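Colleague: Could you take a close look at one part of this model for me, the side of one chain that touches the other, and then work outwards from there? Keep it informal, but give me the cut-offs.

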Amino acid sequence: MDFYSFLIQSLNALQYGLLLFLVASGLTLVFGIMGIINLAHGSFYMIGAYLAFALTSLTGNFFVAILLGIPLALAFGAALEALLFAHLYKRDHLEQVLLTYGLILIFEEVRSLLLGDDVHGIPVPEIFAASIPLNDTLSYPVYRLVISAVCIVLAVGLYWLIQRTRLGMMIRAGSHDRDMVQSLGIDINRIYRTVFALGVALAALAGMLAAPISSVFPGMGSQVLIISFVIVVIGGIGSVWGALIAALIIGFADTFGKVLLPDFAGLIVYLVMAVVLLWRPEGILKKG
Amino acid sequence: MKTTLKGFTRHVLLAAAALGAAGLAHAQEKVKVGLMLPYTGTYASLGNAITNGFKQFVSENGGKLGGREVEYFVVDDESDPAKATENAKKLIKRDNVDVLVGTVHSGVALAMSKVARENKTLMIVPNAGADELTGPLCDANLFRTSFSMWQPSYAMGKVMAAKGHKKVVTLTWKYAGGQQAVDGFKEAFEKGGGKVLKDMTLPFPNVEFQPFLTEIAALKPDAVYVFFAGGGAAKFAKDYAAAGLKNSIPLYASGFLTDGTIDAMGEASQGLLTTLHYGDGLDSAKNNAFRLNYAKSYKAQPDVYAVQGYDAAQAFNVGLTAVKGDTSKRAELIKAMETAKIDSPRGPFTFSKAHNPVQNIYLRKVEGRENKVIDTPEKSLADPARGCKL
């Protein structure tokens, strides 16, 4: 691999890592801060992609679709929390796993009934449709760079929200000691509802943004679920920065693994996870 | 005692009458068809198309197969190899089906074929392309109405060599299907004087292609050969075009890259060349009638999967008709299928010794929303059936 290829592959890795962070960020919130094992996280990603597809077909504009999709996802998340997840905080992890696994099946079936099982696509929005030529054969799609930029903005925004705002302070306090926060007169239920809705919206947003480059198809959620859990665990449960660092590590490991060790490409991500956990059993940045 | 005897006599008389009327007592019973196909998950639309095709032939044939009414036993195989053995056993042991039809996923089909072989049940594969099914695992009771991975890939190797491409890079998922496709391609391409610079694979069903596109751009081959299907196929074609490679390095694929994915690919699909045993614009009386009937019945355009389902029913009908609906004459039934010429919408085909279709492979080009057939690089191509002892 010459130096120039190395640079391009690094760009690929960076961009893939940021995309992974976008998908995993919602899981960091829900799993890390609320302690809910949410297997349906991938389904929210899938729902986001299908939402983008349906709304783009209806409105004819991808940006309008995203603007409509985010409040819908937030409302959907809040409703799910109120109806189902609110009853689970004091229960066993096993019951959370059962519920969220059941949700995967229900969401897939509803999707199949409403929109069928075909593969769909959304064109990349006109203004980002161009590619930047890197050399005489290869160019880089602008839209991928836009996604990377959105991911960085979101990472900073999330960090600011959790570390620097009053709401963030309450969220952090709630994750340490639910009962104490409640006895201080803070409505912990409302905070949990907000966090869960935010988690769902982040996953859905990831699906919406990824839809133009990844195409929209049944089962797309299950592909991102496992890698999201890997990232959250490597990063340190509940840490936004940790998830970002972990996503970038995975991005690099996966990209260079595919190129340099193609026979072990499927393994390398989990190898990295094993090594990191041996070195730091609680993840790179344990929330504190 | 008297009444029982009278009842018995009456039954005998009735049975004799039935024999006289239809020739055989069997003809009065419904023939049991077990459909084990994916009705949920990624391949659900394929399972539905196969079922529709199968049922369309039955209704064109007056609602009968081999002169007998048809009773369906349907199981959703979920494309899950882990559940395949149990599902196949249910249909064979509990429902006692006369023929087992399935399935899409090769892993599931391999497991099914094992159960069918142990129970000596007639089985027809309407899609799964694993070379083994009509190779080392071939069986007298096992027929396939679709294709073997080797067939379209081999044809594509020949096409690309004939186009004068010398250096090629291949890319596929690292699983048996992808491996067999690449092997078939290489066999013909290297025979035609071409050279494969690099075989690249990624884990199934990973769809992050960017590192490979960078590799391809660095290697600068004359052309790229890939095997992908479904959502991954759509994403690959889009990524390939977005990376600017589509204009400088032509992309070829065998199989299903552009089947059911053209809309999802959008502009990126236009002009792509693929090889398969079916395509759009095959102008024959049979195909036109098939497409018209299908569109009327299901309010949808048929695809290659519907054709394969249709031909599964058709092939079974030939066998069953030859024995006048008497499934106990298995050897004769199989003999009739082996020697039959199936009048398929894809063009007529016969079965090879290993029971795989000996069929035309078409070169198709994506134009608008169709896989237009532009050439027939292989006429009546038979799978080499390596390892089959039939």
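Modeller: Here is a walk from the contact between the chains to the core and then into the second chain.

This is a predicted model, so local features need pLDDT of at least 70 and side-chain atom pairs count only at pLDDT 80 or more, while totals for chains, interfaces and linings use all residues. Residues are numbered from 1 along each chain as its sequence is written, and chains are lettered from A and ligands numbered from 1 in the order in which they are written.

Between the chains, 35 residues of chain A are in contact with 37 residues of chain B (contact means C-beta atoms, placed from the backbone, within 7 Å). On the chain A side, the elements that each supply at least two residues include α1 (3-33), the strands β1 (131-133) and β2 (139-141), and α8 (188-214); helices (H or I, at least four residues) and strands (E, at least two) are DSSP runs, numbered from the N terminus. Also among them are α9 (220-235), α10 (240-260) and α11 (265-279) of chain A. The top contributor to this side is α1(A), with five residues. By class, the side of chain A that touches chain B has 14 nonpolar, 17 polar and four charged residues (Ala, Val, Leu, Ile, Met, Phe, Trp, Tyr, Cys and Pro count as nonpolar, Asp, Glu, Lys and Arg as charged, and the others, Gly among them, as polar).

Staying with helix α1 of chain A, A:A13 is found there. A:A13 counts as buried because it has 25 C-beta neighbours inside 10 Å (buried takes 20 or more other C-beta atoms within 10 Å, exposed 12 or fewer, partly exposed in between). Leaving aside residues up to four places away in sequence, A:A13 touches A:G251, A:F252, A:T255 and A:F256. A:V150 is 137 residues from A:A13 in sequence and 16 Å from A:A13 in space, C-alpha to C-alpha.

Now the core. The largest nonpolar core has 207 residues, a core being a set of buried Ala, Val, Leu, Ile, Met, Phe, Trp, Tyr and Cys residues joined through C-beta atoms within 7 Å. α8(A) gives the most to this core, with 19 residues. A:A49, B:L100 and B:M112 have the most contacts inside the core. Not counting residues up to four places away in sequence, A:A49 touches A:G207, A:M208, A:A210, A:A211, A:V216 and A:M220.

Over in chain B, the assignment gives domain 1 (26-147 + 282-359) and domain 2 (150-276), with bounds from an automatic or database domain assignment. Their centres, taken over C-alpha atoms, are 30 Å apart. Nine residues from domain 1 and ten residues from domain 2 make the contact.

There is also a helix pair in chain B: α2 (residues 44-60) and α10 (residues 285-298) pack at an angle of about 105 degrees, with their axes 11 Å apart (axes are lines fitted to C-alpha atoms, for helices over the stretch in contact, and angles run from 0 to 180 degrees between N-to-C directions). α2(B) and α10(B) are therefore roughly perpendicular, a label for 65 to 115 degrees; under 35 counts as roughly parallel, over 145 as roughly antiparallel and the rest as oblique. B:N52, B:Q56 and B:E60 of α2(B) meet B:N293, B:Y294, B:S297 and B:Y298 of α10(B).

Technical notes
Two residues are in contact if their C-beta atoms, placed from the backbone, lie within 7 Å.
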